[in-house]
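This report examines a protein model, its helix packing and its salt bridges. Please keep the sequence and the structure in view while reading.

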Amino acid sequence: MVDLESEVPPLPPRYRFRDLLLGDQGWQNDDRMHVETFSFFSPLNKVQVEFYMNENTFKERLKLFFIKNQRSSLRIRLFNFSLKLLSCLLYIIRVLLESPSQGNEWSHIFWVNRSLPLWGLQVSVALISLFETILLGYLSYKGNIWEQILRIPFILEIINAVPFIISIFWPSLRNLFVPVFLNCWLAKHALENMINDLHRAIQRTQSAMFNQVLILISTLLCLIFTCICGIQHLERIGKKLNLFDSLYFCIVTFSTVGFGDVTPETWPSKLFVVAMICVALVVLPIQFEQLAYLWMERQKSGGNYSRHRAQTEKHVVLCVSSLKIDLLMDFLNEFYAHPRLQDYYVVILCPTEMDVQVRRVLQIPMWSQRVIYLQGSALKDQDLLRAKMDDAKACFILSSRCEVDRTSSDHQTILRAWAVKDFAPNCPLYVQILKPENKFHIKFADHVVCEEEFKYAMLALNCVCPATSTLITLLVHTSRGQEGQQSPEQWQKMYGRCSGNEVYHIVLEESTFFAEYEGKSFTYASFHAHKKFGVCLIGVRREDNKNILLNPGPRYIMNATDICFYINITKEENSAFKNQDQQRKSNIPRSFYPGASRLPVHSIIASMGTVAIDLQDTSCRSASGPTLSLPAEGSKELRRPSIAPVLEVADTSSIQTCDLLSDQSEDEATPDEDMSSNLEYAKGYPPYSPYIGSSPTFCHLLHEKVPFCCLRLDKSCQHNYYEDAKAYGFKNKLIIVAAETAGNGLYNFIVPLRAYYRPKRELNPIVLLLDNPPDVHFLDAICWFPMVYYMVGSIDNLDDLLRCGVSFAANMVVVDKESTMSAEEDYMADAKTIVNVQTLFRLFSSLSIITELTHPANMRFMQFRAKDCYSLALSKLEKKERERGSNLAFMFRLPFAAGRVFSISMLDTLLYQSFVKDYMISITRLLLGLDTIPGSGFLCSMKITEEDLWIRTYARLYQKLCSSTGDVPIGIYRTESQKLTASESQISINVEEWEDTKDCKDPGHHRSLHRNSTSSDQSDHPLLRRKSMQWARRLSRKGPKHSGKTAEKITQQRLNLYRRSERQELAELVKNRMKHLGLSTVGYDEMNDHQNTLSYILINPSPDTRLELNDVVYLIRPDPLSYLPNSEASRKNSVCNAMGHDSREETQL
């Protein structure tokens, strides 16, 4: 039989109590719980059969009204609860109205004084209660009558009601004592049932914690009330205590205080107290145990985010499969870095139990008041309701990148996104996906970040634009630019201050920065805004267009309604502007360059998110005036050329751009070039994409696809007989990618390196070093790209590395392997990658190695040198910055600053920033080349050579680029020499040679060819190295004196052993392996060492920043397809190379 407490549909709205007695045909038709109609068709007749699941009887209607229906049952139980409370109240009234009895006779226990009206009320309550109890017992009857009779509530009801009913027929029993106070337990029972019915009626699941607390409180109150009434009645033959004295005695007794001033005197009262204490010792611990268990479970699973809070407060929901402390802190620090988000609450919905470290962090007052942790699944509507997902301002769904099966992790993310979209269609979704082929399943999300797309695109750009990964990471992190300001190193101060630059937006007509440039060209606005305010305008968006254009070029005219995107230390709304008046001229130090070319220093003061910017003189000047002209040099007869001004409206004849639709290398090709260089390349869209959702990119392609056999680098076929990279005779150096599998994300590594705006003569051959052979679908996608090969091997094997051409490669990209991401200890997931890269670093010191790690904290182990004093100093600096609360404490690690290592987890902040800056993902995709929009520029770089040092400052370079090619510089990648050298174990200089050359050094051998603006000591042999040489010289002179040839032989052996350094041993090992494999050792650079240099990025440096030799300038170059070139000489201009002598002469005006 179906359980009577099970849920059934509610009664019809028109259903009333009279329908129980009179019946209603219309209601009876509605009472059919389920009707199944079967029609049997035949040529002669048609039969309809109806099946009823419930009997349509009077008993069933009563059962439906009193028990099954939630709302009517709730009303019945509420009425019953009120009756029990009324009976207890009548008992208290009877005790208070009763006059104290005289004497200590036992009859006082059995007989009481009860007035007639009070007796009438108690009889009425008893009749109603007994009738209700009998009726419910009848309706609940299941075939065993003793089960109904022996129930404790039924027994208590009989004890409290039957004596009053008997007294109706036997008036002498009207004053008989009846323990009516026991109705408090029936009231408790009715309250529990009423709460259950209430929760069922409103169809909400109340916390079990609330129910258990309610049961505990009601149990404790019932025990105290029973003890009070029992002792007061039994002491009628003793001290004759009143209710207050009995209450005092019970409280003192149950609290184990026991003053002893009030004590029971009669043995019945003493026995009753003993019984009540025994009951309390049994019942209360059970209740407390259940309460403690539920409390612990609640602490594990979290509570509920109340509907009232959701409607009055703002909150976002973070859905993750497993919550790690690093992920949590990155999210909280980045999310709450914005002032407008300080009032938001973060509700974390995670299916796993809270981690110990996470629990400890969430107990910090700063986070405990803002973060709510709920253990639950996003696939359950019940848990989404607990998190109030329908009222959330946003939902962030993050993938678990530490799983071996990343596809399975994406599937879980997709289901979570679908569940949230189904439950709360209006809630904005911010989704992180791992595999690009799964991206089309969540196109409905407002913002999507595909990890492998961004990862491989950044790794690719790192090969042609150094440290692109560091540039993007610093741009998407929120910082005030205070990092490194207390460091004694000048480069750390500059690097830390410039790292505070971020991308902001503002409407042009509302801006102080750009309002005056309405109707003028984009390059004019970008240059003059940087010259005047120190901000870098990088892109715009029309009001009626959703596409963002990065550097649309000089032909773009600014409108008042355009949205401007700029790079600055803070947004304009938080900036204060101060004009430099004549009265302050005396306080301004004289510039190094006199005359009209002098550029005042821009003071940028960052203080709690507010920047004070000193405005330059805004008076009108002649357009042809010598504002940035170079002063004449007396030592030279000829004056160097000046820089043309940036025109307000573009003059197409003065803009020199690249004709990238033509072949730049055809005119420069010579007859003796290799056959591979004379191949005809076409420009177009790749005919085959390995996954759905990839953005089409205009690329260099082959006219015919390469056979799959020719893509294998180390295997000869019928088309070629090459078996190693050296045999191909490539003109440009290789780019090698070491990965575990050829996933679809690797396609995004090839596309940016084969984009149409990269000159053909600068295309680097790409070699994929894969642990597992690629599938046919991937080969179909890459066989159309020129000079793309693959090889099955591993970076663990030196032979595989040599065959794929690592000895003459320009860059080696090491991708973190998926199989090592799930280690027993989280931070050990990078162990294999770090050790392999360290081996490459020692074997091939001149090789530029770019590494991806899972955890940013492991960057300190890259190119690890245990006794390097400079690395130890940087480690201390990192700890100090972390103590100051910096979110970018790892930024001063040399491998990260140089762009040689990055972690994809550092890009998680890109998704978090999109909540405030919804354009950040689009801008990042444009910078990385993942999206191409007609009219939008692309990221490239140029190198400062000796011929370019005449430009002198960053502001003059800005003007030079804007006036000649329309490029917009956004930063500088600078390389310097370290003040401190490496450890003593790495010093490998011959003692005699050092002694001979210590007094006469060739300045051409110095690492820095011109004075560095950030270091005062550029000595090639600092104090540490000098002491090491002195120690080695003394050691070689000491020792016992030997006679004749023996002493000379020992001395020679010592010198030979000293000359044989560790580097030479490693170089000899590599050469031996190359000879064994039949490879030529020509070109193997064994002693080129860049370990004593440091590189860093200056994002949007101040206009007066001095340019230095070998600086790499990041440029956003306008789309060459947006306009056609006007001169044949423009075809010679390179896109991403340094400005040589010829190109400098071409851009002169």
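A crossing of two helices is called left-handed if the near helix is turned anticlockwise from the far one by less than a right angle, and right-handed if it is turned clockwise. This term is applied below to a model that is predicted.

## Overview

The protein has 38 helices and 27 strands. Of its 1149 residues, 52% are buried. Among contacts with a separation of 6 or more, 76% are made by residues 24 or more positions apart.

## Two helix crossings

How do helix α19 and helix α32 cross? Helix α19 spans residues 451-464 and helix α32 spans residues 920-928; their axes come within 9 Å and cross at roughly 40°. Angles from 65 to 115 degrees count as roughly perpendicular and those under 35 degrees as roughly parallel, while an angle that falls in none of the named ranges is oblique. The helices α19 and α32 are therefore oblique to each other. Their crossing is left-handed. On the side of α19, the contact is formed by Glu453, Phe454, Ala457, Met458 and Leu461, and on the side of α32 by Ile921, Thr924, Arg925, Leu927 and Leu928. Sorted by class, this contact of α19 with α32 has seven nonpolar, one polar and two charged residues.

The surroundings of α32 deserve attention as well. Eight of the nine residues of α32 are buried, so this helix is largely enclosed by the rest of the structure. The buried residues of α32 are Met920, Ile921, Ile923, Thr924, Arg925, Leu926, Leu927 and Leu928. After α32 comes Gly929, which has a positive phi near 80°.

A second crossing involves helix α6 (residues 116-139) and α8, which pack at an angle of about 130° with their axes 8 Å apart. That angle makes α6 oblique to α8. The crossing of α6 and α8 is left-handed. From α6, the residues Trp119, Gln122, Val123, Ala126, Leu127, Ser129, Leu130 and Thr133 take part; from α8, they meet Phe154, Glu157, Ile158, Ala161, Phe164, Ile165, Ser167 and Ile168. By class, the contact of α6 with α8 has 11 nonpolar, four polar and one charged residues.

One general point helps in reading such lists. An α-helix has 3.6 residues a turn, so residues three or four places apart point the same way.

## Salt bridges

Side chains of opposite charge can pair when their charged atoms come close. The structure holds 22 salt bridges. The table presents three of them.

| Salt bridge | N to O distance |
|---|---|
| Lys84 and Glu157 | 2.5 Å |
| Glu516 and Lys532 | 3.0 Å |
| Asp1111 and Arg974 | 2.8 Å |

Glu157, already met in the contact of α6 with α8, is joined to Lys84 by a salt bridge. This pair links distant parts of the chain, as Lys84 belongs to helix α4 (residues 70-97) and Glu157 to helix α8 (residues 152-169), 73 residues apart. Both Lys84 and Glu157 are buried.

In the second pair, Glu516 forms a salt bridge with Lys532. Glu516 lies in the loop between β9 (502-507) and α22 (522-533), and Lys532 lies in helix α22, so the pair ties together parts that are 16 residues apart in sequence. Are these two residues buried or exposed? Glu516 has a relative accessible area of 41% and is therefore partly exposed. Lys532 counts as buried because its relative accessibility is 16%, and buried means under 20%.

The third pair consists of Asp1111 and Arg974. Asp1111 is in the loop between β26 (1093-1099) and β27 (1112-1117), whereas Arg974 is in strand β25 (residues 968-977), so the pair ties together parts that are 137 residues apart in sequence. Both Asp1111 and Arg974 are buried. Elsewhere, Arg406, Lys435, Glu451 and Glu452 are joined into one network by salt bridges that share partners.

## The surroundings of Cys227

Cys227 is located in helix α10 (residues 208-234). With a relative accessibility of 3%, Cys227 counts as buried. Leaving aside residues up to four places away in sequence, Cys227 touches Cys250, Phe254, Phe272 and Met276. The C-alpha atoms of Cys227 and Val273 are 7.2 Å apart in space, although the two residues are 46 residues apart in sequence.

Definitions and conventions
Residues are numbered from 1 along each chain as its sequence is written. This is a predicted model: local features need pLDDT of at least 70, side-chain atom pairs count only at pLDDT 80 or more; totals for chains, interfaces and linings use all residues. Side-chain values use heavy atoms; hydrogens and water are left out. A salt bridge is a side-chain nitrogen of Lys or Arg within 4 Å of a carboxyl oxygen of Asp or Glu. Helices (H or I, at least four residues) and strands (E, at least two) are DSSP runs, numbered from the N terminus. Buried means under 20% relative accessible area, exposed over 50%, partly exposed in between (1.4 Å probe, protein chains only). Axes are lines fitted to C-alpha atoms, for helices over the stretch in contact, and angles run from 0 to 180 degrees between N-to-C directions. Angles under 35 degrees count as roughly parallel, over 145 as roughly antiparallel, 65 to 115 as roughly perpendicular and the rest as oblique. Contact means heavy atoms within 4.5 Å. Ala, Val, Leu, Ile, Met, Phe, Trp, Tyr, Cys and Pro count as nonpolar, Asp, Glu, Lys and Arg as charged, and the others, Gly among them, as polar.
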